[in-house]
Amino acid sequence: MTSQPTRAGRGSAPTLHDVAREAGVSLATASRVLNGSARKVAESFRERVEGAAEKLGYTANASAQATARGTSAVIALLVADIADPYFGLIASGVARGADERGLIVTIAVTERDAAREREIVRTLRGQRPRGLILAASRGGEESATAEEIRAFEALGGRVVTFGSSVAGERTVSIDNAKGARMLGAEMAALGYRSAVVLAAADGVLTSDDRVRGFTEGFEADGGVVERIERGDFQRESGYESMARALRAGVDPGTLVFGMSDVVAIGAMSAIRDAGRVIGEDIAVCGFDDVPSSGDVTPQLTTVRVPLSDVGYQAFRATVDDDWTAEPLPLQIVVRDSTPGCAA
């Protein structure tokens, strides 16, 4: 005799009750099978429940699955700006790892706002993702997120951050100071002696490390950083910071270091709009080697960071108990935006 499931109404989605009735098992047994509970279910019951679910077209409730398992099959990635190719490349690496493990990546945008970051983590905590990756740059002070992170970890989730720990969690580090130091030394070796640096606000760790490293490398070989213009990580900020520097006066032969490729590309537009020539008049270099750095004219000198691999390593740090940090290779890529300058 075949049972006839009762539906809430014509066209309504089948429920867990419907599946249990169709399979001839208790609601608890159906829930254990379909929501991934750690409690064992006899194989014959499992087959009946899975067959009933397939027949009825039942889709498990993600929230119920998370409750049963303690976590959901989700990795949450928090980025500062989804339009920034830096974060896009990191996200691609996280997605590659998630695909290998049959997990899903959800992305939230913090806009580098500590209060917004805290609220996002609080909301995600209720959804119980398996892991949380905080990829956005932050200030040196303890983030407003720390308390929420501790609560998240108390529920069994794992947190991974970039560069600095918020509450003792695992970190994936890009040696920004080292890469920028290598770049500064290389630019001094090309004959540049005067530089303008376009940075984020004082206290933003990624920017601070890159400014410090570049200054050390450039000045160690005879260069001088004449001015630091402050803004943020967006292309528009690079344009505006460079425009300010140009109004104050930038001599021919000056090198401009944008603390990211996006900022440096914005600066290149400002230089062109001012009627100056990139390369032979004002040289420009950046950091990250996002794809567009090789597409602009002239192509942008930069520090190559394997950002997709960074994202992949962050994913591994989130899900692997025996994860250990691996060195991330950095490479100076000299292109036509810095053709060299007679010392």
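**A walk through the fold, starting at T302**

The backbone nitrogen of F287 sits 3.2 Å from a polar atom in the side chain of T302. That side chain has another backbone partner too: the nitrogen of D289, at 3.3 Å. The model is predicted, and these distances are computed from it.

Where does T302 lie? T302 belongs to strand 10, which covers residues 302-304. Is T302 buried or exposed? Its relative accessibility is 0%, so T302 counts as buried, the cut-off being under 20%. Many residues touch T302. Leaving out those up to four places away in sequence, its contacts include G286, F287, D288 and D289. D261 and S293 are also among them. So are Q331, I332, V333 and R335.

Now step back to the whole chain. The protein chain has 12 helices and 11 strands. Of its 343 residues, 48% count as buried. Take the contacts between residues at least 6 apart in sequence: 73% of them join residues at least 24 apart.

Next comes a sheet. Strands of a sheet pair through backbone hydrogen bonds, and the pairing is either parallel or antiparallel. Here 5 strands form an open sheet in the order 2-1-3-4-5, and their pairing is parallel. Which strands stand at the edges? They are strand 2 (104-109) and strand 5 (170-172). Each has a single partner strand, so one side of each has no neighbour in the sheet. From one strand to the next, the twist averages 25 degrees.

Follow the pairs across the sheet. Strand 1, residues 72-79, pairs with strand 2 in the parallel sense over 6 bridges. In this pair, V79 stands opposite V109 of strand 2. Strand 3, residues 129-134, pairs with strand 4 over 4 bridges, again in the parallel sense. There, L134 has T161 of strand 4 as its bridge partner. Strand 4 also pairs with strand 5, through 3 bridges in the parallel sense. The bridge partner of V160 is R170 in strand 5.

Why is strand 4 described as largely enclosed by the rest of the structure? Strand 4 spans residues 158-162, and 4 of its 5 residues are buried, so the rest of the structure largely encloses it. One more idea helps when looking at strands. In a regular strand, side chains alternate between the two faces of the sheet.

What about empty space inside? Rolling a probe the size of a water molecule over the atoms shows where empty space is left. How many cavities of 30 Å³ or more does a search of the whole structure find? The search finds 2. The largest cavity holds about 90 Å³ of space. Its lining is made up of 13 residues. Nearest its centre lie D84, Y86, F233, S260 and D288. D288 has already appeared, as one of the residues that touch T302. Three helices help to line this cavity: helix 5 (85-101), helix 9 (205-220) and helix 11 (261-273). Each of these helices supplies at least two lining residues.

Finish at a loop. G191 is found between helix 8 (176-189) and strand 6 (194-200). At 8% relative accessibility, G191 counts as buried, although its place is in a loop. Now look for G222. G191 and G222 are 31 residues apart along the chain, and 9.1 Å separates their C-alpha atoms.

Note on methods. Residues numbered from 1 in each chain as written. Predicted model: local features only at pLDDT ≥ 70, side-chain atom pairs only at ≥ 80, totals over all residues. Heavy atoms only, no water. Buried < 20%, exposed > 50% of the residue type's maximum accessible area, 1.4 Å probe, protein only. Polar contact = N/O pair within 3.5 Å; in protein donor to acceptor, adjacent residues only side chain to side chain. Contact = heavy atoms within 4.5 Å. Pairing = 2+ DSSP bridges. Axes fitted to C-alpha atoms, helices over the stretch in contact; angles between N-to-C directions. 1 Å grid on protein atoms, 1.4 Å probe; cavity = no way out; pocket = protein on both sides within 12 Å on 5 of 7 lines; lining within 4 Å. Points joined across faces, edges and corners; volume = space filled by probe spheres on them.
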